[in-house]
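Here are my notes on the model you sent, set out as numbered points. Please read them alongside the coordinates.

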Amino acid sequence: MKRLILLLTVILTLISCSTEDKIEDIVVIGGGLMGSSTAWELSKYGQNILLIEQQDSVYTFGSSLGEARISRSLGPKEDIFSFLQQTSVKETKHLIDFLNRGELQELHSMQDIYTTSPVTYVYSQSQLKDVENLLDGQLDRYEYASNKEEAEEKFGMKISDTTLVIREYKEYTGTLNPKVLIKKLHRGIRKSGNRINYNQKVTSLKKEDGVYKIKIKDAKTGTNKTILSKKVVAAAGPYNGTLVKDVAPYFSDLINPKRLFLSFLKIKSDKYNILTSEQKNRLRSSYPVAYINSEIFYSMIEKYDESNRPILKVGGHFLRTEIEDLDRVWKKELTEQEILWSKINTADYFAKLDLPIKSTDLEFAKGYSCVYSLTESEIPYVSQAINHSIEVDSSFVLIGGMSGVGAKGSLAYGLIAADFVLGNDNNSLMYQKAKSALGTQRLMNDIDNIDK
Ligand SMILES: Cc1cc2nc3c(=O)[nH]c(=O)nc-3n(C[C@H](O)[C@H](O)[C@H](O)COP(=O)(O)OP(=O)(O)OC[C@H]3O[C@@H](n4cnc5c(N)ncnc54)[C@H](O)[C@@H]3O)c2cc1C
């Protein structure tokens, strides 16, 4: 018996030593849209990577939760967000091709991820200059109603004299499905021969003697282990600040998580069933929508229920509130006012669409709290770290502060992060413009301005 115990002890020691001794090339922490995109882009480049995610393979909380995000491309000349959306579409096509490679039939398609549909933007007359700027030399296909007669003629809409409407039409603008995209990214990572470890929560991240020491707790068994890596990508969404406090402490000042709410509304069935097919089609082709006002009401069709009624996802980009406890905020219920706000704004849009649906005709299907990680300028970071000697540390990249714009550019952010990790560059003007808006030089300036 004693011998057996001794033998087991030796084996266990050997196992734990081998885990400690192996040094990974690159560890990506966080398997939401950003970490998964970065891990995929690194896999595409032929790198050995390990992706670590604290949740199980089914994603149940985080900024990427859900089945619909607006994917829009329209922007003013040389807009980095248009570039990021279009680059992400191109990169997603590569992913789909890769996933279908070697298969007897095409199992994956862009339509699994994107639902192409017109994107409607509602502005007020006071924003005329912004609208003109947006449309000046615009290459994407759009239609514009600058007054109520044009809105009626072009879109069948009933708007006031002070409202302007733009509708964007482009392949792969409309909505994208983060749940499906994450699943396909993970498949691509594994098909490239790389590993994804789920249920692994990183509890400490430190750099010692030029190597990252990553302490991990298994969320299922509670056991702890430490892994080593030459390079790290932090993509922990709202948790980035806590995760990187020892290696890049300034990020907790520069990225602030805020709570938002999402309501899911349905039109009551007695009302929906009496709409004509033309009215149902008008409703369908009028989503997604964004009111570019002080609250930024946005809404999209998340999916259809079993009786084919649309489930409308509704939120307000600027209706953000402080978070007391990041781990518990996801469970916070919506207030009556938040639900009412969602219904009133939805009914207001239906009135503009000339559809006979009032706020009392809407039922609240569900709702949940969500989190944005915000930078001061609302422009995300994809950046290397700056060390104590104010030098760039290219062994560490953070991708975060994605606010409400990240999803549509997911794979483009991942591509830039992967390029930073590998020291790759790309001379295209827009790539350089995006890199300098998101990247390390900008981070240096922002660090300088902390507490000023
Ligand atoms: C309500 C809402 C609406 C939005 N609407 C749009 C939209 O219409 N269009 C658009 O383009 N974008 C939109 N966005 C933005 C987009 O969804 C986000 O930018 C994107 O999902 C951010 O992804 P992420 O990977 O950075 O974060 P997350 O999805 O939060 O991923 C971080 C991951 O890291 C994991 N993690 C955290 N800490 C640890 C740890 N210690 N160890 C291991 N794993 C860890 C988490 O479990 C999580 O899976 C919206 C965002 C929200 C919240």
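At what angle do helix α2 and helix α7 pack, and how far apart are their axes?

1. The model is a predicted one, and the question above concerns its helix pair. Helix α2, which covers residues 33-44, packs against helix α7, residues 178-191, at an angle of about 30 degrees, and the axes of the two helices are 9 Å apart. Because angles under 35 degrees count as roughly parallel, α2 is described as roughly parallel to α7. The crossing in which α2 passes α7 is left-handed.

2. The contact between these helices can be followed residue by residue. From α2 it takes L33, S36, S37, A39, W40 and S43, while α7 contributes P178, L181, I182, L185, H186, G188 and I189. By class, the residues of this contact between α2 and α7 comprise eight nonpolar and five polar, with no charged residue among them.

3. A sheet of three strands deserves a separate look. This sheet is open, its strands follow the order β3-β8-β4, and the pairing is antiparallel. The edge positions are held by β3 (69-71) and β4 (114-116), and each of these has a single partner strand, so one side of each is left without a neighbour in the sheet. From one strand to the next, the twist averages 30 degrees.

4. Within that sheet, the pairing of β3 with strand β8 (residues 174-176) is antiparallel and runs over three bridges. For anyone checking the register, S71 has G174 of β8 as its bridge partner.

5. The surroundings of the ligand come next. The ligand is surrounded by 38 residues, of which the closest are G30, G32, G237, M402 and G406. Two or more residues of this shell come from each of α2, β3, β10 (200-208), β13 (256-267) and β17 (362-374). In composition, the shell around the ligand has 20 nonpolar, 14 polar and four charged residues. Thus α2, which packs against α7, and β3, an edge strand of the open sheet, are both among the elements that give residues to the shell.

6. Two of the strands that contribute to the shell, β13 and β17, also pair with each other. Their pairing is antiparallel and extends over twelve bridges, and P257 has S373 of β17 as its bridge partner. β13 is joined as well to strand β16, residues 310-316, by three bridges, and these two strands run antiparallel. In this second pairing, F264 stands opposite K313 of β16.

Technical notes: Residues numbered from 1 in each chain as written. Predicted model: local features only at pLDDT ≥ 70, side-chain atom pairs only at ≥ 80, totals over all residues. Axes fitted to C-alpha atoms, helices over the stretch in contact; angles between N-to-C directions. Helix = DSSP H or I, 4+ residues; strand = E, 2+ residues; numbered from the N terminus. Parallel < 35°, antiparallel > 145°, perpendicular 65-115°, else oblique. Left-handed = near helix turned anticlockwise from the far one by under 90°. Contact = placed C-beta atoms within 7 Å. Nonpolar A, V, L, I, M, F, W, Y, C, P; charged D, E, K, R; others polar. Pairing = 2+ DSSP bridges. Near = placed C-beta within 6 Å.
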